[in-house]
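Here is a short report on one protein chain. Look at the overall fold, then at two loop residues.

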Amino acid sequence: MELDNKKSQKDHKDSWLINFTYILIRKTLGPLIRFIWIKKVAGLENIPKKGPVIIAFNHSSYFDFFCFMAVSPRNIHYLAAEKFFNSLLWKPLMKFTGQIEVKRYVKDKRCVHDKVYCHLNNKKIIGIFPEGTRSPDGNLLRAFRGVAFYATKLNVSVVPVGLTGTHEVMARHDKFPKLKKIIEINVGKPVSFNEYRHVKLNKKAHQILSDKIMIKISELIGKKYPYSAIKNNYEKI
């Protein structure tokens with residue numbers, strides 16, 4: 001009982017710290033990012049005002065994190081690589097905003113899965129970059145299966161978001177962002193996976209569904225997604 005009370009107190013403290021940090025971001029960093037870099041935001045009304053949801057983005061810049069946090073109406077918890085949690089610069093932000101560490105080279109991902117399930121069961125927003133890493137040239141990379149795995153596992157909708165201009169503002173090897181007001185954020189309509197709620201899906205099915213999310217994202221940014229398993233006649237699940 002004492003351990004449960006201590007955990008409850010810690011969770012409450014962490015929740016308070018995360019909410020406080022997001023308020024600071026929205027009041028200080030958010031307006032600055034919107035003023036300098038963000039040219040257009042469309043479709044924010046497609047993000048549910050409450051309840052669990054997964055938001056899936058294309059990924060070509062470190063700036064992807066910041067620009068969406070600057071406009072998001074709700075707190076968002078990204079799946080982020082371990083290098084951010086090992087960095088003196090990034091670690092405080094990761095901790096104070098409640099991001100989820102993904103150890104890429106550890107095969108057993110149960111710890112990550114459990115955290116994602118916990119967040120979604122507590123009606124939070126999970127942010128996922130299905131490509132897994134930043135694109136070196138701004139073009140779309142092949143998606144991993146995780147976004148569809150989580151969405152179908154817990155029957156949670158996925159909101160596709162297309163980010164354009166972030167690669168030009170801060171490409172993969174840039175140390176600092178360029179001062180260009182060119183970033184556009186397009187939020188698509190939620191994609192439901194309710195029809196797969198009672199269906200056991202294999203890896204191929206998860207890949208097909210993840211590819212479909214990437215196709216939605218590609219339409220939002222006006223770029224082609226060339227890796228779809230659908231092209232290989234695997235449309236049926």
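Buried means under 20% relative accessible area, exposed means over 50%, and partly exposed lies in between (1.4 Å probe, protein chains only). This is a predicted model: local features need pLDDT of at least 70, side-chain atom pairs count only at pLDDT 80 or more, and totals for chains, interfaces and linings use all residues. Residues are numbered from 1 along each chain as its sequence is written, and side-chain values use heavy atoms, without hydrogens and water.

**Whole chain**

The protein chain has eight helices and seven strands. Helices (H or I, at least four residues) and strands (E, at least two) are DSSP runs, numbered from the N terminus. Along the principal axes, the C-alpha atoms fill a box of roughly 55 × 50 × 35 Å. Of the 237 residues, 46% count as buried. Contacts (heavy atoms within 4.5 Å) often span the sequence: of those with a separation of 6 or more, 71% join residues 24 or more positions apart.

**Two loop residues**

Two residues other than glycine have a positive phi: Lys123 and Asn155.

| Residue | Phi | Relative accessible area |
|---|---|---|
| Lys123 | near 65 degrees | 55% |
| Asn155 | near 55 degrees | 23% |

Where is Lys123? Lys123 sits in the loop between helix H5 (110–121) and strand S5 (125–128). Asn155 lies in the loop between helix H6 (146–153) and strand S6 (158–164). Lys123 is exposed, because its relative accessible area is 55%. Asn155 has 23%, so Asn155 counts as partly exposed.
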